[in-house]
Amino acid sequence: MFIIKSSTLSSCSNKTLERMINGFMAYPIWTSGESEEGNIFVNVKGGIIFQEKKVDAALQFSINKDNFRVRALEFNEIPQNRLMITSLLTKMCKAQ
């Protein structure tokens, strides 16, 4: 989990992911695990405001050796597309 928290995105190199998420989500909860195939993942859940409403957001990252990627995003358990993932990460970067 530490590799994700301390990493930065190329589009937001001035903030770690932990700082981006903690500065944007209400009460973020970080968990990690391993899939049956041996893939390591990190989940972050917390509250955000989306279209002027409070929603529960969940981001999932996967780790492969020293690299990671954002695998999924859900709002109130509804899967979101890649465009929404990019949009959310951009807003997180611009937040305090």
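Two strands pair if DSSP finds at least two bridges between them. The views below show a predicted model.

**View 1. The whole chain combines helices and strands.** The chain holds three helices and five strands. Read from the N terminus on, the order is α-α-β-β-β-β-β-α. The radius of gyration is 13 Å, close to the 12 Å that the globule rule gives for 96 residues, so the chain is as compact as a globular protein of that length. Its C-alpha atoms fill a box of roughly 40 × 30 × 25 Å along the principal axes. Of the 96 residues, 33% count as buried. The accessible surface comes to about 6,600 Å². Carbon and sulfur atoms account for 49% of that surface.

**View 2. Strands β1 and β2 form a hairpin.** Strand β1 covers residues 26-34. Its pairing with β2 is antiparallel and spans seven bridges. Look for Ala26: the residue opposite is Gly47 in β2. Five residues lie between the two strands. One residue of the turn, Gly38, has a positive phi of about 90°.

**View 3. Strands β2 and β3 form a hairpin too.** β2 spans residues 40-50, and β3 spans residues 53-64. The two run antiparallel, joined by 11 bridges. Ile40 stands opposite Ile63 in β3. Two residues separate the strands of this hairpin. Here Gln51 takes a positive phi near 50°.

**View 4. A nonpolar core draws on helices and strands.** The largest nonpolar core has 24 residues. Those with the most contacts inside it are Met20, Ile21, Leu59, Phe61, Leu89 and Met92. Several elements each supply at least two residues of this core. Two of them are helices, α2 (17-22) and α3 (82-94). The strands are β2, β3 and β4, the last covering residues 67-75. In soluble globular proteins, nonpolar side chains tend to be buried together.

**View 5. Leu59 and its contacts.** Which residues does Leu59 touch, not counting residues up to four places away in sequence? The list is Ile21, Val42, Asn43, Val44, Val70, Ala72, Leu73, Leu89 and Met92. Ile21, Leu89 and Met92 also rank, like Leu59, among the residues with the most contacts inside the core.

**View 6. Contacts across the sequence.** Consider contacts in the chain between residues at least 6 apart in sequence. Of these, 30% join residues at least 24 apart.

Terms used
Residues numbered from 1 in each chain as written. Predicted model: local features only at pLDDT ≥ 70, side-chain atom pairs only at ≥ 80, totals over all residues. Heavy atoms only, no water. Core = buried A, V, L, I, M, F, W, Y, C linked by side-chain atoms within 4.5 Å. Buried < 20%, exposed > 50% of the residue type's maximum accessible area, 1.4 Å probe, protein only. Helix = DSSP H or I, 4+ residues; strand = E, 2+ residues; numbered from the N terminus. Contact = heavy atoms within 4.5 Å. Rg over C-alpha atoms; globule rule 2.2 N^0.38 Å. Areas by Shrake-Rupley, 256 points an atom, 1.4 Å probe, with all protein chains shown as cover.
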